[in-house]
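Student: I have a structure to go through. Can we take the descriptive terms one by one and ask what backs each of them?

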Amino acid sequence: DQGIALAAGDRLGVAGQRAFWRGDRRTATGLLDRALSLTRSHRFDLRLEVELADALYWTDVARAAVVADAAAERAAAEGTAVDAALARAVAAQARFNNGQCSSDELERLAREALPLLEAAGDDDGLYHAWYALAWVANMRAAYEDWASAMEHAMRHAGRAGHPLLGWQTMMLAAA
């Protein structure tokens with residue numbers, strides 16, 4: 001039943017997001033996977049796809065890239081321009097973390113997403129775009145840029161209602 005599947009998927013998705021933001025990536029992966037298996041055929045939920053790709057980075061980076069690329073394709077077909085831009089940036093970061101994308105491509109896609117996300121007031125999306133830019137700066141040993149990007153990312157994470165994890169707080173203190 002579609003209604004039951006969507007309701008169950010919503011509850012599992014919330015639980016998966018909570019697990020993700022408290023740092024329990026394995027639990028988050030399982031819950032988000034289950035949520036999306038119930039809802040994917042009924043609706044597209046880019047936010048859960050993004051959270052799953054992020055959680056998978058810590059447990060299965062190759063699968064993270066596959067999930068993120070599929071979400072980017074679906075966002076381009078079914079979503080808004082904002083969703084598509086965010087999904088492309090998240091997919092590029094997953095591929096970057098898997099050695100399949102250059103830092104130049106990741107930076108370009110994240111920077112393309114920023115004005116769309118800003119115009120939409122999408123703090124969750126801005127968190128992801130700025131976090132991707134922080135990865136780029138870190139890989140280039142551009143630590144002032146890294147610190148600035150992390151400050152932006154954490155500000156938007158807070159505005160989106162995401163709790164800061166201990167390692168994020170330490171990174172901001174180091175900046």
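Tutor: What follows is a set of short questions on a predicted model.

Student: What makes the protein chain agree with a compact globule?

Tutor: Its radius of gyration. A compact globule of 175 residues would have a value near 16 Å, and the protein chain has 15 Å, so the two agree. The C-alpha atoms fill a box of roughly 50 × 35 × 30 Å along the principal axes.

Student: How many helices and strands does the protein chain have?

Tutor: There are 9 helices and 0 strands. From the N terminus on, the elements read α-α-α-α-α-α-α-α-α.

Student: What share of the residues counts as buried, and what does the word require?

Tutor: Buried means under 20% relative accessible area. Of the 175 residues, 48% count as buried. The chain exposes about 8200 Å², with carbon and sulfur atoms supplying 52% of that area.

Student: Which residues line the largest pocket, and what earns them that label?

Tutor: A lining residue has an atom within 4 Å of a pocket point. Among those in the lining are Glu107, Arg111, Trp130, Leu133, Arg140, Asp145 and Ser148. The pocket volume is about 160 Å³.

Student: Which helices supply at least two residues of that lining?

Tutor: Helix H6 (103–120), helix H7 (123–139) and helix H8 (143–159) each do. H7 gives the most, with 4 residues.

Student: How many of the lining residues are nonpolar, polar and charged?

Tutor: The lining divides into 6 nonpolar, 1 polar and 4 charged. Asp, Glu, Lys and Arg count as charged, and Glu107, Arg111, Arg140 and Asp145 are in the lining.

Notes
Residues numbered from 1 in each chain as written. Predicted model: local features only at pLDDT ≥ 70, side-chain atom pairs only at ≥ 80, totals over all residues. Heavy atoms only, no water. 1 Å grid on protein atoms, 1.4 Å probe; cavity = no way out; pocket = protein on both sides within 12 Å on 5 of 7 lines; lining within 4 Å. Points joined across faces, edges and corners; volume = space filled by probe spheres on them. Rg over C-alpha atoms; globule rule 2.2 N^0.38 Å. Buried < 20%, exposed > 50% of the residue type's maximum accessible area, 1.4 Å probe, protein only. Areas by Shrake-Rupley, 256 points an atom, 1.4 Å probe, with all protein chains shown as cover.
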